[in-house]
Amino acid sequence: MAEKPPEEGYISVVDEEPELYELLKWDSSNTQRQPEPLLAEKIKTPDKRPSPQETDPFELNDPAFIETYRLTKDLARSLCEELKPVMPDSTKSIEFSVESKLMAALSFYATGKYQKLISGKTDPTITQYFVSTAVTQITEAINHPDIVKKYIHFPHLKQERDIIKARFYMKYGMPNTIGCVECTHVPISRPDDDQKSHFNKSYHSKKVQIICDSDLKIISVFATPGGSLSHDAILNKHAVRVDLDSMNNAGEQCWLIGGPHYSQKRYLMTPIPKIRKKSTMSPEKYYTNIHSQTHNAVTDTIKQLKSRWKCLQATCNKPFDPSAVTMLIVACCVLHNICNNRGLPVVPMTSAEERLEVMKQKVANGAIPRKQTEDEAGLEARERLVTRLWNERRVPESGSAPKKRMSKKDKIPDACQGQSQQPPMQHPHQPQMNMQIQNHQMHHEDMSKRPRIISVTTPTYGLNMPPVWGHYPQH
């Protein structure tokens, strides 16, 4: 087949890449352009894509609605009414309602994908452009100060702090605790500016500081810092640190429970280093156990947050700039508290998602620093707390001696114990049955090899009939 001469603008690569030239040979059967349809033909072609108004997400049953949007129908409707007054004026559209935008945004938060899925099927009425626009508008509306203050509130009043302290003490046994604090990384695209501050040891991210109460409710979120900052640097930049410091200076004992990446302060209790699971029980070991159980509240909160809203997971790396990711994180925290207040179920992570999330967080945080600048006042406060917890621990009564472990020979099977506790069953044929048992035992001098005897409590004979032993020879 003859080769067709190249058109204008064709660049020859024969001299440099001969093999590539073979791939650029013209094939008239494949490269011949089809004539474009006339304008009249284009007009006659119907648009098969249905409009977004044709599908109503509220027609789904309740389980499918919660699985897709993570909220119940009444919560979604009430949230629409709250967002209507604070929707940005420049983005209000007559074509799409606030309800349709909220449903598209909630679906993106829950899946991390632009294409909405309903019962495992893709909704063809939702385009990527519409979802992207809806996510931007709804996220901006949820970040309105009135909405954020309504659902995320740090306890500034003493009465509020006393309630949280009592809840922590009743649930975990840790006194004077007003919250647990921890940081987590949320991936972002490579920013144009300030790349160094957003790059952790592996990827670009936002390092989010989250403080929660004993009920896994987020009471403070700080999503502005970049991924390169340390835990202490982020806490020092936040206003919560000033409030905690001033309250301790005023004589009110209150602190946060932080992980090993934090340094010990008066207002921040951290685990004692070099205490392992195999360490012998001591005041420091007892404190470490209580501290670990209490700190699990914030780790469970972060896990539920990312399980419910997959757009914050490490597997979802959408091309959002840092400011958009900050607003996205705050919006998901608001929605987390809304779901938590209602007690809605959490969709668990898959094993692959959980492993990847743990790996990403471990690499981004790095190793625990061996040498930290400890505050002397903080060390003294922790020492007093260790002594208090050790004195308040539950000690067994001195009069009760510890139970000794029974040997296998001394142990009695549960079935035998149950039978021994039952009173002997009186039966009209009891003397006759005992006589037969004694006669059969005389034939078997070796008691260990004698055949099994059916229990007297479960006779195999009928009413007013003599006993019949199926495994004994009949005389």
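Reader: In E5, which residue is the bridge partner of isoleucine 210?

Author: In this predicted model, the partner of isoleucine 210 is valine 221 in E5.

Reader: What makes E4 and strand E5 (residues 218–222) a pair?

Author: Two strands pair if at least two bridges are found between them; E4 and E5 are joined by 4 bridges in the antiparallel sense, and therefore they count as paired. The two strands form a hairpin with 5 residues between them, and in its turn leucine 216 has a positive phi of about 65°.

Reader: How do you know that E3 pairs with E4?

Author: The requirement is again at least two bridges, and E3 and E4 have 8 in the antiparallel sense, so the requirement is met. Within this part of the structure, cysteine 183 stands opposite glutamine 209 in E4.

Reader: Why is strand E4 (residues 205–212) called mostly covered?

Author: A residue is buried when its relative accessible area is under 20%, and 8 of the 8 residues of E4 are buried, so the strand is described as mostly covered. Both faces are covered, with Ser205, Lys207, Gln209 and Ile211 buried on one side and Lys206, Val208, Ile210 and Cys212 buried on the other.

Reader: What makes the charged part of the lining of the largest cavity 1 residue?

Author: Asp, Glu, Lys and Arg count as charged, and the lining divides into 9 nonpolar, no polar and 1 charged, so one residue of the lining belongs to that set. This cavity holds about 70 Å³ of space, and among the 10 residues that line it, Pro187, Cys311, Cys316, Phe320 and Leu328 are the closest to its centre.

Definitions and conventions
Residues numbered from 1 in each chain as written. Predicted model: local features only at pLDDT ≥ 70, side-chain atom pairs only at ≥ 80, totals over all residues. Heavy atoms only, no water. 1 Å grid on protein atoms, 1.4 Å probe; cavity = no way out; pocket = protein on both sides within 12 Å on 5 of 7 lines; lining within 4 Å. Points joined across faces, edges and corners; volume = space filled by probe spheres on them. Buried < 20%, exposed > 50% of the residue type's maximum accessible area, 1.4 Å probe, protein only.
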